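The exercises below are meant to be worked through with the structure open beside the text. Each task is followed by a solution that goes step by step.

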Amino acid sequence: MRITSDSDHLPLGDNKASAWYGRHILKVGQFTREDVDQVHGVAAEMQRMVQRTGGCDLLKGKILANMFYEPSTRTSCSFMAAMQRLGGQVIPINEAKSSSVAKGESIIDTAVTLGCYADVMVIRNPTVGSADLAAANAGIPVLNAGDGVGEHPTQALLDTFTMRQELGKLDGLTVTLVGDLKNGRTVHSLARLLTKFDGVKLNYVAPEILRMPQDVVDEVAAAGVQQDMYEELAPVLADTDVLYVTRIQKERFATPEDYEKVKGVFVIAPETLTGAKDDMIVMHPLPRVNEITVEVDADPRAAYFRQMEYGMYVRMALLALVLGRA
Ligand code: CP
């Protein structure tokens with residue numbers, strides 16, 4: 001695909017023959033390796049285009065309904081920026097209390113409503129399976145921006161894009177996931193997506209009560225990927241190519257006392273990284289609370305702010321693909 005801001009070369013219409021046209025993005029299990037490669041290829045073109053011209057008219061005339069029932073900065077804003085950089089428009093619904101959801105309207109009715117006004121919908125909701133419900137009823141492509149402790153597939157696509165752009169490959173990487181692996185939907189999606197690549201090794205570092213859920217472990221094992229569990233980071237740090245740190249998700253604990261027991265269990269500081277490779281990277285889906293100290297930000301291996309930017313290019317690619325314009 002060539003992207004251009006030159007009006008002589010604007011696309012004439014939607015490519016309905018594309019396998020991506022009208023596709024929902026709900027969970028990473030729907031992707032083949034070729035799909036991931038294609039999204040990353042388009043994202044890389046989006047990155048070059050934004051760096052060259054800032055934006056284009058690829059999605060002119062298209063409208064995104066951006067529906068967030070849970071707080072978000074990166075996912076919400078990067079989808080809005082993605083749509084606007086491609087010349088489209090956005091209906092932002094950032095607080096459920098400002099919509100008829102506050103009056104008791106169901107996800108189904110809300111999805112049907114937004115399907116009348118928009119061409120594509122992004123939804124974040126605290127209930128696992130909520131995006132599937134919206135997708136079954138909206139009549140437009142629905143992109144899951146996080147369904148409770150379920151999945152965050154666009155984050156996994158941007159996480160893998162980050163690894164590819166920063167390290168030049170995905171095959172053969174040793175990826176260490178640290179923190180709240182029980183409640184962190186980003187790591188559920190990322191572990192599953194990494195099974196599409198050859199020779200990836202996964203380390204899970206978490207206290208016992210925050211371990212990776214068994215269904216994710218079973219899926220990854222069925223794909224033949226090596227997984228090892230630890231309660232400390234030290235044994236695996238030296239071999240790690242990607243240190244993926246996550247926030248302890250306070251909002252998902254049954255009681256404040258349970259949260260207090262594990263709060264601050266892993267804190268990455270400059271001295272933590274002294275035994276790490278020179279060419280490894282530190283990632284975090286963000287927001288961080290205190291699990292990476294601000295002193296780490298100056299380390300060139302700290303890739304988490306660059307990761308946010310890669311996310312916009314991946315979301316530009318996804319919007320263009322599902323709307324048949326890539
Ligand atoms: N990574 C991520 O989902 O961030 P937000 O919660 O800010 O969208």
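For sorting residues by class, Ala, Val, Leu, Ile, Met, Phe, Trp, Tyr, Cys and Pro count as nonpolar, Asp, Glu, Lys and Arg count as charged, and the others, Gly among them, count as polar. Please keep in mind that the model is predicted.

**Exercise 1.** List the residues that surround the ligand, and sort the shell by class.

*Solution.* Going around the ligand, one finds Ser 72, Thr 73, Arg 74, Thr 75, Arg 124, His 152, Gln 155, Pro 285 and Leu 286. Sorted by class, this shell holds two nonpolar, five polar and two charged residues.

**Exercise 2.** Find which polar atoms of Thr 75, Gln 155 and Pro 285 face the ligand, and state how much of the ligand the protein buries.

*Solution.* Begin with the ligand's oxygen, where an oxygen atom lies 2.6 Å from a polar side-chain atom of Thr 75. Turn next to nitrogen: a ligand nitrogen atom is 3.0 Å from an N or O atom in the side chain of Gln 155, and a ligand nitrogen atom is 2.8 Å from a polar backbone atom of Pro 285. Finally, the ligand taken alone exposes 250 Å², of which the protein buries 91%.

**Exercise 3.** Where does the ligand lie with respect to domain 1 and domain 2?

*Solution.* First divide the protein into domain 1 (28–151 + 310–322) and domain 2 (153–308); their contact takes 28 residues from domain 1 and 30 residues from domain 2. Over C-alpha atoms, the centres of the two domains are 24 Å apart. Because domain 1 and domain 2 both give residues to the shell around the ligand, the ligand lies between them, and the space it takes is the largest pocket.

Conventions: Residues are numbered from 1 along each chain as its sequence is written. This is a predicted model: local features need pLDDT of at least 70, side-chain atom pairs count only at pLDDT 80 or more; totals for chains, interfaces and linings use all residues. Side-chain values use heavy atoms; hydrogens and water are left out. A residue is near a molecule or strand if one of its heavy atoms lies within 4 Å of it. A polar contact is a pair of N or O atoms within 3.5 Å; within protein, one must be able to donate a hydrogen and the other to accept it, and residues adjacent in sequence count only if both atoms are side-chain atoms. Accessible areas come from the Shrake-Rupley method with a 1.4 Å probe; for residues, only the protein chains shown count as cover. On a 1 Å grid over the protein atoms alone, a cavity is a set of points where a 1.4 Å probe fits but cannot get out, and a pocket is an open set with protein on both sides within 12 Å along at least five of seven lines; lining residues have an atom within 4 Å of a point. A molecule sits in a cavity or pocket if more than half of its atoms lie within 2 Å of its grid points. Domain bounds come from an automatic or database domain assignment. Contact means heavy atoms within 4.5 Å.
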